[in-house]
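User: Please take a close look at the sheet in this model and describe how its strands are arranged and what packs against them.

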Amino acid sequence: LSEETIKIYRHYLTEFLDSLDAGDVYKSLYNLSPEDIHAFFIRSAKGRADTTRGQIRAALRSFLSFCAKHGHIPHDLATALPKISRYKLADVPRAVGEDDARKLLENIDRTTLVGRRDFAIVQLLYTYGVRSAQVRALRLQDIQWRMNRIRFPACKGGKEVLAPLTDEVGERLLDYLRDGRSQAPYSEVFLTVRAPFRPLEAGGLYRIVAGRMRRAGVGGSAVGPHSLRHAFATRFLKHNQSLKTIADMLGHRTINSTFIYTKIDFAMLKHLPLEWPEV
C-alpha cells in the first residue's frame, strides 16, 4: 500500500479499536458479531462524504480479513459491512467561482510567515488545478527555475504534471522560500510553521485552504482544495479548451475521468436540450 493509504487505514482502524473493550482488546475482537461491525460502520460513516465512507469500509474490510486469516476472529466479518453504491458521473463538480477565487487570494495577508505559505499554496492550486496531495508532495527540486517550469508528481494513479512556471507563481514561491519556510531537513516545499517543522499532512493542507475560504466568506458548500481544482477545469472549459487538453493538465491517465466536466460545459449543453412540448 502507498504511504497515504496506510495513514488513512491507520486513522480509521484506530477509531475502530478504540471502540472495543480497552481491558481486553483481543477478547473483545474475537467476540465481535456482524451486528457490532455494522453498527460501528453506520456510526462512523454518518454525515461523511461517500469517498470517506469508502475509505472506512476499505480499511475495515482489509483488517477484518486479516484478523480472520490469522485467527483473531473466528469468521471473516468483512461481509457484514454494507455496500456503498456510487454511480459513475453521478455528481456535479462543485467549483469556486472566479470572483470568489480572487477574493480568496486577496484576503490572505502576505506580510506574515503563515500568510506567505498559505498564499503560495492557494496560488498553486488555483493556477494549475493540481490535487492537494501533489502540492504536499512538491519538492524543492521540482521547481525547475532555470527551465522555467514546475513538476507535480503523479497522484491517485494519474500522470505527473509538467507545466510552465508562471511569473506570479514563481514570485509567490520565492516570497515563501526566502521569508516563510522554516529550516528543516526536508525536501518538501511546504512545511508546518510550528516546531517540530515537518511536511504538511493531508488534513493539515485541507484545514489551511478550507479555513482561508471560510474566513474570506467564499466557497459555500464547495470548501477545500478540490473546489479549486474544479474551478481550474471550469475556467478552461469556458476558454474552449478540449477535454483532452484539460485531462492532460489535470494529470488524468484517461479522458474518462474528465467526462464529469461535461456537466458544466454550458456552451455545449445549450445545443443539446430538446424543445419543450406544448401542453
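Analyst: Two strands are taken to pair if DSSP finds at least two bridges between them. By that criterion, in this predicted model, β2 and β3 pair in the antiparallel sense, over four bridges. One of the residue pairs involved links Arg149 to Pro164, its bridge partner in β3.

On the β1 side, strand β2 (residues 149-152) is joined to β1 by two bridges, and these strands too run antiparallel. Here Ile143 has Ile150 of β2 as its bridge partner. The connection between β1 and β2 is a hairpin with four residues between the strands. Within that turn, Asn148 has a positive phi of about 60 degrees.

Taken together, these pairings give an open sheet of three strands in the order β1-β2-β3, with antiparallel pairing. The edge strands are β1 (143-144) and β3 (161-164), each of which pairs on one side only.

Against this sheet packs helix α6 (residues 113-128), which touches β2 and β3. The direction of α6 makes about 90 degrees with that of β2.

The side chains of β2 can be considered next. In a regular strand, side chains alternate between the two faces of the sheet. Strand β2 shows such an alternation: Ile150 and Phe152 point to one face and are buried, whereas Arg149 and Arg151 point to the other face and are not buried. Two of these residues have already appeared in the bridges: Ile150 is the partner of Ile143, and Arg149 is the partner of Pro164 in β3.

For context outside the sheet, two helix pairs may be described. Helix α3 (residues 34-45) and helix α4 (residues 50-69) pack at an angle of about 150 degrees, with their axes 10 Å apart. Because angles over 145 degrees count as roughly antiparallel, α3 and α4 are therefore roughly antiparallel to each other. The crossing of α3 past α4 is right-handed. In this contact, Ile37, Phe40, Phe41, Ser44 and Ala45 of α3 meet Arg53, Ile56, Arg57, Leu60 and Leu64 of α4. By class, the contact comprises seven nonpolar, one polar and two charged residues.

The second pair consists of helix α9 (residues 202-216) and helix α10 (residues 225-238), whose axes come within 8 Å and cross at roughly 70 degrees. These helices are therefore roughly perpendicular to each other. Leu205, Tyr206, Val209 and Met213 in α9 meet Pro225, Ser227 and Leu228 in α10. The residues of this contact divide into six nonpolar, one polar and no charged.

Key
Residues numbered from 1 in each chain as written. Predicted model: local features only at pLDDT ≥ 70, side-chain atom pairs only at ≥ 80, totals over all residues. Heavy atoms only, no water. Axes fitted to C-alpha atoms, helices over the stretch in contact; angles between N-to-C directions. Parallel < 35°, antiparallel > 145°, perpendicular 65-115°, else oblique. Left-handed = near helix turned anticlockwise from the far one by under 90°. Contact = heavy atoms within 4.5 Å. Nonpolar A, V, L, I, M, F, W, Y, C, P; charged D, E, K, R; others polar. Buried < 20%, exposed > 50% of the residue type's maximum accessible area, 1.4 Å probe, protein only.
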